[in-house]
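Visitor: I would like to learn how to read a protein model step by step. Could you take me through this one, giving the general idea before each case?

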Amino acid sequence: MEENKSGTIDLHVHIFPDRMFEAVWKRFKSLGWGFQEEYIEQIRQTLIAHGVVRAAGLSYAHKAGVAGSLNRFMETLGRSDPMFLPFASVYPNDDDFRQTVDHAIESSHLYGFKFQPLAQLFDVNDARLDYLYERCLEADFPITMHIGSGPTASKLVGINHFRKLIRRFEMLRICVPHMGWTEFDEFLRLMDDHPNMFFDTAVINIVDHRLDSRYPVPPQRLARYADRICFGSDWPFVHYDYQTSLDSVKRFGFSPEDCQKVMYDNAVRFLKIDIT
Ligand SMILES: [Zn+2]
C-alpha cells in the first residue's frame, strides 16, 4: 500500500490543542484504552515516515462554548501546515451555533464537520442540526460522523439513527468511519441508494491480542463500493503502530487498482481537494 504512486491520504487522524489532547489521554487511561501519546508535531512526523501526504484532522467540542475557539485553532493549523486538512466541530447548544456552521463552510481551511456523538452526547437527528445539514447540502460540504455501534454502543449511535438521518437528507456527503462497525452489513446496504455515502477503514481488520475487528464482507461484494472507501487510521487513538493500520487494508482483498482509490483517489473526491 505504501508504494502507492501519489502517496497516501489518511481520512481519519485526531488533532487537538495540547491541553485537550492531555485531557482525552487522561480519560482513555482511566478507561484502560490504548493510544499513542503524540502531539501534533509528532503525529506529523509519523505520517510523513509512512508516506502520508495529507491527513484529515478531526477534532470535536465535548461541551458548550468550545467549538468556536477549537475551530479557530484548526483553521490556523490548516493555514500553516499543508499536511493537515482540518475538520470543524459544532455543539448544538451553543448560542452561536449557526454562525459556527456558516463560518466553517465559508472557511478555505476547514474541510468538513466531524461529529462524535459518543463524546459530544447529542442526537444527530436533533432538529437544531437541520440548519447544518441544509447548509452542507447547499455547499456540498462533507461530514464525518461516528455513528456505528463499534467499538462502543450507546443510545446515540447505531444504524437506526443514521437511517433516519439519511432518509431526511439523502444526498448529504457523509463518511461513516470504521466501515459502520459493528453494523457492517446494514451500513453497506445503505450505500446502494446513497451515492454520497463514504466509509473509512479505521480500526477495521486489526487482529491482535487486544482486538479482532475482521471485516466480514467478502471482497467480491465489497469491490462494488471501492470508489467510496477511504483509508483512515484513527491515529493516535489506537494501541498499535501506524504500519499496522496500513497493513490492515490488505485484508479487505482489494485489487491493486482499487487499492490506489482507497489509499488516495477516493479521499480527494470526498474532500474535494485539488492537490495535483
Ligand atoms: Zn477516531
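Guide: Let us begin with what a helix is here: helices are DSSP runs of at least four residues, numbered from the N terminus. With that in hand, we can place a residue such as Asp258, which lies in helix H11, covering residues 256-271. Please keep in mind throughout that this is a predicted model.

Visitor: Is Asp258 buried or exposed, and which residues does Asp258 touch?

Guide: The general idea is a cut-off, since a residue is called buried when its relative accessible area is under 20%. Asp258 has a relative accessible area of 11%, so Asp258 is buried. Leaving aside residues up to four places away in sequence, Asp258 touches Ala223 and Ala226.

Visitor: How many helices and strands are there in the chain?

Guide: The chain holds eleven helices and eight strands. Its radius of gyration is 17 Å, close to the 19 Å that the globule rule gives for 276 residues, so the chain is as compact as a globular protein of that length. The C-alpha trace spans about 50 × 40 × 40 Å along the principal axes, and 59% of the 276 residues count as buried. If we take the contacts between residues at least 6 apart in sequence, 75% of them join residues at least 24 apart.

Visitor: What does the accessible surface of the chain come to?

Guide: The accessible surface comes to about 11,700 Å², and 49% of this belongs to carbon and sulfur atoms.

Visitor: Which residues have the most contacts inside the largest nonpolar core?

Guide: A nonpolar core is a set of buried residues of certain kinds, joined through side-chain atoms within 4.5 Å. In this model the largest such core has 85 residues, and those with the most contacts inside it are Phe113, Phe115 and Tyr133. Phe113 touches, among others, Phe87, Val101, Ala104, Ile105, Leu132 and Cys136, when residues up to four places away in sequence are not counted. There is also a second, separate core of 16 residues, which includes Leu58, Leu85, Cys175 and Ala267.

Visitor: How should I read the two sides of a helix, and which residues of helix H4 are buried?

Guide: An α-helix has 3.6 residues a turn, so residues three or four places apart point the same way. In helix H4, made of residues 97-106, the buried residues are Phe97, Thr100, Val101, Ala104 and Ile105. They cover an arc of only 125° around the axis, which puts them on the same side of H4. The face turned away from that buried side carries the exposed residues Gln99 and Glu106. What covers the buried residues of H4 includes helix H3 (67-80), strand S4 (113-115) and helix H6 (130-139).

Visitor: Which residues of H6 are buried, and what covers them?

Guide: The buried residues of H6 are Asp130, Tyr131, Leu132, Tyr133, Arg135 and Cys136, and their cover includes H4, S4, strand S5 (143-145) and helix H7 (159-168).

Visitor: What is the phi of Asp140, and where does Asp140 lie?

Guide: Asp140 has a positive phi of about 50° although it is not a glycine, and it lies in the loop between H6 and S5. With a relative accessible area of 32%, Asp140 is partly exposed. Another case is Asn205, a residue other than glycine whose phi is positive, near 65°. Asn205 is in the loop between strand S7 (197-200) and helix H9 (219-222), and Asn205 is buried, with a relative accessible area of 2%.

Visitor: Which residues does a cis peptide bond join?

Guide: Here the angle to read is omega. A cis peptide bond joins Gly150 and Pro151, with omega about -5°, and Pro151 is found in the loop between S5 and H7. The peptide bond from Trp235 to Pro236 is also cis, with omega near 0°, and Pro236 is in the loop between strand S8 (229-230) and helix H10 (242-248).

Visitor: Which residues coordinate the zinc ion?

Guide: To read a metal site, we look for the donor atoms around the ion. The zinc ion is coordinated by His12 (NE2), His14 (NE2) and Asp234 (OD), at 2.0 to 2.1 Å. In sequence these donor residues are spaced H-x1-H-x219-D, and both His12 and His14 are buried.

Key. Residues are numbered from 1 along each chain as its sequence is written. This is a predicted model: local features need pLDDT of at least 70, side-chain atom pairs count only at pLDDT 80 or more; totals for chains, interfaces and linings use all residues. Side-chain values use heavy atoms; hydrogens and water are left out. Buried means under 20% relative accessible area, exposed over 50%, partly exposed in between (1.4 Å probe, protein chains only). Contact means heavy atoms within 4.5 Å. Donors are N, O and S atoms within 2.8 Å of the metal (3.2 Å for Na, K and Ca); water is not among the atoms, so sites may look incomplete. The radius of gyration is taken over C-alpha atoms; the globule rule is 2.2 Å times the number of residues to the power 0.38. Accessible areas come from the Shrake-Rupley method with a 1.4 Å probe; for residues, only the protein chains shown count as cover. The arc is that of the directions from the helix axis to the C-beta atoms.
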